Amino acid sequence: MHGPDVGPSVVRGTVWRVAAYGVGLLLTAAASILLLRYLGVADFGRYATVMAIVAIVGGVSDAGLAIVGTKELARRAAGPPRIELLGHLVGMRMVLTPIGVALGVGFAALAGYENELVVGTALAGAGLVVVNTQATLMGLLPVELRNLRLAVADTVRNLITTVVIALLVVAGASLLAFFAGQIVVGVLLLAVTPLIVRREWMSGPRFALGIWRNVLGKALAVAVAYALGLVYFRLLLIILSLVSTDREIGLFGTSLRIYELLVGIPLLVLGVALPALSAAATQPERFRYQLQRVSEGALLLATFTAAGTGLAAEPIVTLLGGEEYRDAAAVLQVHIAGFVSMFLANVCATTLIAIDGQRTLIVLNAFALAFLLLIGAVLVPAHDAMGAAIAAAIGETFLALISVVALARRGHRAVPPTRWILRLALAAALGIGTGLLVPLPQLAAAVVGTLIFVVTVLGLRLAPPELADSLTPRHWLSG
């Protein structure tokens, strides 16, 4: 079966998704300003702790369904076969997510968190059930390469979330109400889903033990690998919550919130590429070409994002939270140092999933998590939030290195040619050097530095050639 290809359609889809993500960043930044300033450092640390638990629950209870579901849908014929499988994915999601939420609430209680945080975990978890169900209903959009609709869905989700938070702030809501707000967000998203997804592409939950066993059997390895990966930074935050002060938790929580906003970039880019890589897995030359383009695009985006964020760290955190969060800037600058490694590790993970290398992915993430736990146990108690940031950056670098090696042993090269890497390093050095040395306010210097990076990238012709074609007018409305 011929699937989607990494050509103008996929690159164009990435452009749409990244554009929508840019709008989402602005909306989420607005929501973050409201949250950080309204809650303060200590209460935001408590909020971040609960949301970290819920995020872990979401990853574990996903059971690999999002990734494997996309791959299996891409391999099925369009029409009823895909819609039938989608119904089973919806059913599995509605059963598994509540189980995960119950486990998360149990952890919060056993860890000795105060009652407000235990109840908050239950409320935010209930919202997660609704949000996950809604996300599954849109499962055919990436498979059919309806990236314009996905971009709209991303924007609507961020808009609803921001509006709900703004209304809670205006109403003078308690911390508990912000957790309950997750339920409101989920219900509103469900209400607008029929406006985004074709009705014939939606399906109610289906329950068939044989199909469930087959899908979950394939998804289990991905689930374990994804769950291990998801725990990374949130594990460091939980360690902080057990050994440090509310202020230190709030500082790292602020850095983590900004970092997680940026992590969405590789996830959406690789989400667009996964169906194409999966479809090309049995065609070596096509697969090799696609992987090279994906890795080049990923590293370009990662370097641009890391450089810009590092240069503008202080203006970013003070804009979001005010002067009381200024100390989080240094934490973010260290934290963002691992961003390129994180992006590369995700390229490797996506490639392994496309070639059915989930078991290898489990081993890699298990080793990386054990390594992170070891260095976190040493650095976090000794250096608080800064120790957590250092551990995060080192942990991501370790995971990227072992992932590249593991993929190479299977005959696939995730890293672009050395000459390309050196030219990217030159562009990054010029951009960062300019941003650090130009005699301008920090935010203006960061803008100049990132512009120098972009100009150098274009001058050295580092961008994939498909990008130029994807930006021509005849392609823009075919999403």
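## Exercises on a predicted model

Ring pairs link Phe-44, Tyr-47 and Phe-179 into a cluster, where rings of Phe, Tyr and Trp (its six-membered ring) pair if their centres lie within 6.5 Å. This is a predicted model, in which local features need pLDDT of at least 70 and side-chain atom pairs count only at pLDDT 80 or more, while totals for chains, interfaces and linings use all residues. Residues are numbered from 1 along each chain as its sequence is written, and side-chain values use heavy atoms, with hydrogens and water left out.

**Exercise 1.** Determine how the rings of Tyr-47 and Phe-179 are arranged, and where the two residues lie.

*Solution.* Begin with the total, which is eight aromatic pairs in the structure. For Tyr-47 and Phe-179 the centres are 5.6 Å apart and the planes differ by 10 degrees, and the pair is stacked, since planes under 30 degrees apart count as stacked, over 60 as edge-to-face and the rest as tilted. Next, place the residues: Tyr-47 belongs to helix α1 and Phe-179 to helix α7 (residues 175-196), 132 residues apart, and the pair thus links distant parts of the chain; helices here are DSSP runs (H or I, at least four residues), numbered from the N terminus. Finally, consider accessibility, where buried means under 20% relative accessible area, exposed over 50% and partly exposed in between (1.4 Å probe, protein chains only). Tyr-47 counts as buried because its relative accessibility is 5%, and Phe-179 is buried with a relative accessible area of 0%.

**Exercise 2.** Classify the ring pair formed by Phe-339 and Phe-343.

*Solution.* The ring centres are 5.9 Å apart and the planes stand at 85 degrees, so this pair is edge-to-face. Both residues lie in helix α13 (residues 339-354), four residues apart, which is about one turn of the helix.

**Exercise 3.** Identify the members of the largest nonpolar core that touch the most other members, and the helix that gives the most to this core.

*Solution.* Start from the definition: a nonpolar core is a set of buried Ala, Val, Leu, Ile, Met, Phe, Trp, Tyr and Cys residues joined through side-chain atoms within 4.5 Å. The largest core has 63 residues, and Tyr-47, Phe-178, Leu-236 and Phe-252 touch the most other members. Helix α1 (residues 8-62) gives the most to this core, with 15 residues. Apart from this core lies another, of 44 residues, including Leu-270 and Leu-361.

**Exercise 4.** Describe the surroundings of Glu-248 and state whether this residue is buried or exposed.

*Solution.* Locate Glu-248 in helix α9 (residues 246-279). Glu-248 is buried yet has no salt bridge, and the nearest side chain of opposite charge, Arg-247, is 5.2 Å away; a salt bridge needs a side-chain nitrogen of Lys or Arg within 4 Å of a carboxyl oxygen of Asp or Glu. The side chain of Glu-248 does, however, reach the backbone nitrogen of Ala-385 at 3.1 Å. Leaving aside neighbours within four places in sequence, Glu-248 is in contact (heavy atoms within 4.5 Å) with Leu-240, Asp-384 and Ala-385.

**Exercise 5.** Find the salt-bridge partner of Arg-247 and say where each partner lies.

*Solution.* The count comes to nine salt bridges, and in one of them the side chain of Arg-247 meets that of Asp-327 at 2.9 Å, N to O. Arg-247 is in helix α9, whereas Asp-327 lies in the loop between α11 (313-321) and α12 (328-335), 80 residues apart. Asp-327 counts as partly exposed because its relative accessibility is 47%, and Arg-247 is likewise partly exposed, at 36%.

Conventions: Lys, Arg positive; Asp, Glu negative; His and termini not counted. Polar contact = N/O pair within 3.5 Å; in protein donor to acceptor, adjacent residues only side chain to side chain.
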